[in-house]
2 protein chains.
Amino acid sequence: MAATLKDIAEKLGLHPATVSRALNPRTAHLVNAGTVTRVRRAAESMSYVPNSMAAGLRTSRSHTVGVVIPDLTNPLFPGIVRGIQDTLSRAGYTPLMVNTDNDADVEAQVVASLRARRVDGFILATARREHPLLVELSSKLPVVLINRVTDSMQLPSVSADNQHGIRLAVDHLVGLGHREIGHVGGPVWSSTGHERAQSFARTMRAHGLSTARRINAVDAWSIESARDAARRLLVANPGITAILAANDQLAIGTIEAARSLKRRCPQDLSVVGYNDMPFMDLVDPPLTTVRVPQYDIGSESARLMLSLLLEQEATPLKQVRLTPELVVRGSTARRRAPRA
Amino acid sequence: MAATLKDIAEKLGLHPATVSRALNPRTAHLVNAGTVTRVRRAAESMSYVPNSMAAGLRTSRSHTVGVVIPDLTNPLFPGIVRGIQDTLSRAGYTPLMVNTDNDADVEAQVVASLRARRVDGFILATARREHPLLVELSSKLPVVLINRVTDSMQLPSVSADNQHGIRLAVDHLVGLGHREIGHVGGPVWSSTGHERAQSFARTMRAHGLSTARRINAVDAWSIESARDAARRLLVANPGITAILAANDQLAIGTIEAARSLKRRCPQDLSVVGYNDMPFMDLVDPPLTTVRVPQYDIGSESARLMLSLLLEQEATPLKQVRLTPELVVRGSTARRRAPRA
DNA sequence: CGGCGTAGTGCAATCGATTGCTAACCGCGG
DNA sequence: CCGCGGTTAGCAATCGATTGCACTACGCCG
């Protein structure tokens, strides 16, 4: 059906090998310049499309990268994915994207199916803290981690600086006069949640503020989960005047919990989110949040992957840290007189 | 490096062909049951992963489907993509996803690169009204259209019933007492925008209401674009008390335009969106909108694609239409006395 | 005029799985 | 004892591109 190298070769009275070389920019210099243009023209006219499966079989490189995402419908990820796609495709690579739903079994399964497709490498945005696959996987293929650095192993990674982001947020709240600041943290199994909670504690201590009993955790990065947790936190600590949530969904859940306790945001309670997902400027109240450069995280991780794939000499371990910034909107306000 | 059929065969003193048959459920019955289990066990222990590129080369089927999306960061799409992925992967297929940014050139390019990867079919969610590629493409590969039926050609498609959705919205507004209802339509090149505008006109006429001069169009599905358009519409037609926007972004832009003209939503102007993207319940005011079943659109289109790929006999042309529903929230209200 | 270097092509093996055909072998009936 | 049907398994070709090696022809130098 579709034209092959052999078809072109026959039409031109050449050998397939010559046609192959003429069409490959890296080897075209081995072929007479006139022949190259003849071949190019013929390929064009026969609308030749190289069969990447055949090429991949021969070279055992698929020009394909597995991209493992916990949940694409979390608005944090589409931006990242766009960054990955744009950068990879510019280099002739195709991302193979899969969701895991934050389920370790699903993850094992999709990783296996991507290996069957012979991906050349993996970009992992799943942020479980422990990760049995990782050791084995990274010994066989290039792996780039997104939003996570592992405790045990050194791997190439791209992430936004959580410590810095959290400090921006806490400084902002302290600057507004808040002293009793709570934290609604992410799931305990999540390395991101863990890191942000630690950064929170560290920063609070640096300000000489109490931290220990205010840290709280939920079991999913969801609005519902935060609703419960924040409610408990607020009931247990009525003196809290501000809460830093570990991401935007948790911030929204926190605001809803506050409302259910008749505490308005920002008048009675300031709330800061994290990530600055799309539309967070439009919710009520517009969310003050830490913006992470989503597209850049994606494109940087793709760039890192490409350098691992293309550099002949072993690339030195690179861990890219991007800097988040604080976006002040309507969900934070100066602390008012403590409630009666 | 990785184990191959031959490796297993040698270890077991068998021929690769036998191993292949033993491992393939469709041909396992040709092999002695005992041999099958021996092979299975060996494959397991050597952690054999079949090379899908070799299989694909031989069978010229990649078990891969190209999924072409205009813009993944449009929150409408992640839900659809999830539906596609879940359904395809359950059947052993892998989606290859690409963005086009609503650019026809980019689209041509990504389609070419997907064809080089020998995708078995295409799911197209790009909704340009005219589409030169489509004719050629659909003659060579199975194609399923999302959110679009073409004027010229009959192709398998999955979409939500725009006419029905628009009617729900208009009926709602009319029921609230509105008579002068405007429409902020999508880009003219978009088939979705076109269809919704037509449905709007039709429904308004059915209600005996004026329509002609209120229809308006913008050049992108963006908040900014709607801001300008809605402003012009409102300035030109100050009597308008309600606006139906062709999607949620346009609705948000419309609300902002109204604000800039000192018209509050919903008190002075009711606004209805379309799609019910995530977080539309949280914006200010919570958006009344037509909900389309995003996940189902994705999974139905994947199902349709699978039936095209797997059924031996030609599948009869199927055009799936899903039914949207109206979600009433805070952006619409009963019409008040006409403004002074 | 002989020999050597080089540019340009052709040859053929290779990647790993699949599959139509063939071959070996068994049991059984005539 | 022969032959036949049926079950298992091996053989070998095939998919299409890539690439190390061999070969030809030509130009150039000594």
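A residue counts as near a strand here if one of its heavy atoms lies within 4 Å of it. With that in hand, I will go through the DNA contacts first and then the protein interior. Keep in mind that this is a predicted model.

Start with DNA strand D. It is surrounded by 25 residues. The closest are Leu5(A), Tyr48(A) and Arg58(A) from chain A, with Thr18(B) and Arg21(B) from chain B. What do the contacted atoms of DNA strand D belong to? Among those within 4 Å of the protein, 63% belong to sugar or phosphate, and the rest belong to bases.

Some individual pairs. Arg21(A) places a polar side-chain atom 3.4 Å from a base oxygen of DNA strand D. Ala54(A) uses its backbone: a polar atom there is 3.2 Å from a base nitrogen of DNA strand D. On the phosphate side, a polar side-chain atom of Thr18(B) lies 2.7 Å from a phosphate oxygen of that strand. The elements giving two or more residues to this surface are helix H2 (16–23) and helix H4 (52–59) of chain A, together with helix H2 (16–23) and helix H4 (52–59) of chain B. Which of them gives the largest share? That is H4(A), with 4 residues. By class, the surface near DNA strand D has 11 nonpolar, 9 polar and 5 charged residues.

Now DNA strand C. Again 25 residues surround the strand, and the closest are His15(A), Thr18(A), Leu5(B), Tyr48(B) and Arg58(B). Of the atoms of DNA strand C within 4 Å of the protein, sugar or phosphate accounts for 62%, bases for the rest.

Three pairs from chain A are worth listing. The side chain of Arg21(A) has an N or O atom 3.0 Å from a base oxygen of DNA strand C. For Arg58(A), an N or O atom in the side chain is 3.3 Å from a base oxygen of DNA strand C. Thr35(A) goes to the backbone of the DNA instead, with a side-chain N or O atom 2.9 Å from a phosphate oxygen of DNA strand C. H2 and H4 of chain A, and H2 and H4 of chain B, each supply at least two residues of the surface near DNA strand C. H4(B) gives the most, 4 residues. The class counts for DNA strand C are 11 nonpolar, 9 polar and 5 charged.

Next, the layout of chain A. The domain assignment splits chain A into domain 1 (5–50), domain 2 (62–160 + 294–323) and domain 3 (162–292). The centres of domain 1 and domain 2 of chain A, taken over C-alpha atoms, are 36 Å apart.

Then the interior. The largest nonpolar core has 82 residues. Those touching the most other members are Ile84(A), Ile123(A), Ile181(A), Ile84(B), Ile123(B), Ile181(B) and Ile297(B). A second, separate core of 30 residues includes Val68(A), Val111(A), Leu96(B) and Val110(B). Taking Ile123(B) as an example, and not counting residues up to four places away in sequence, its contacts include Val65(B), Ile84(B), Val144(B), Ser301(B) and Met305(B).

One last residue, Thr192(B), in helix H9 (residues 191–206) of chain B. Is Thr192(B) buried or exposed? The relative accessible area of Thr192(B) is 9%, and the cut-off for buried is under 20%, so Thr192(B) is buried. Leaving aside neighbours within four places in sequence, Thr192(B) is in contact with Ala127(B), Asn147(B), Asn162(B) and Trp221(B).

Note on methods:
Residues numbered from 1 in each chain as written. Chains lettered and ligands numbered in written order. Predicted model: local features only at pLDDT ≥ 70, side-chain atom pairs only at ≥ 80, totals over all residues. Heavy atoms only, no water. Domains from an automatic or database assignment. Core = buried A, V, L, I, M, F, W, Y, C linked by side-chain atoms within 4.5 Å. Buried < 20%, exposed > 50% of the residue type's maximum accessible area, 1.4 Å probe, protein only. Contact = heavy atoms within 4.5 Å. Polar contact = N/O pair within 3.5 Å; in protein donor to acceptor, adjacent residues only side chain to side chain. Nonpolar A, V, L, I, M, F, W, Y, C, P; charged D, E, K, R; others polar.
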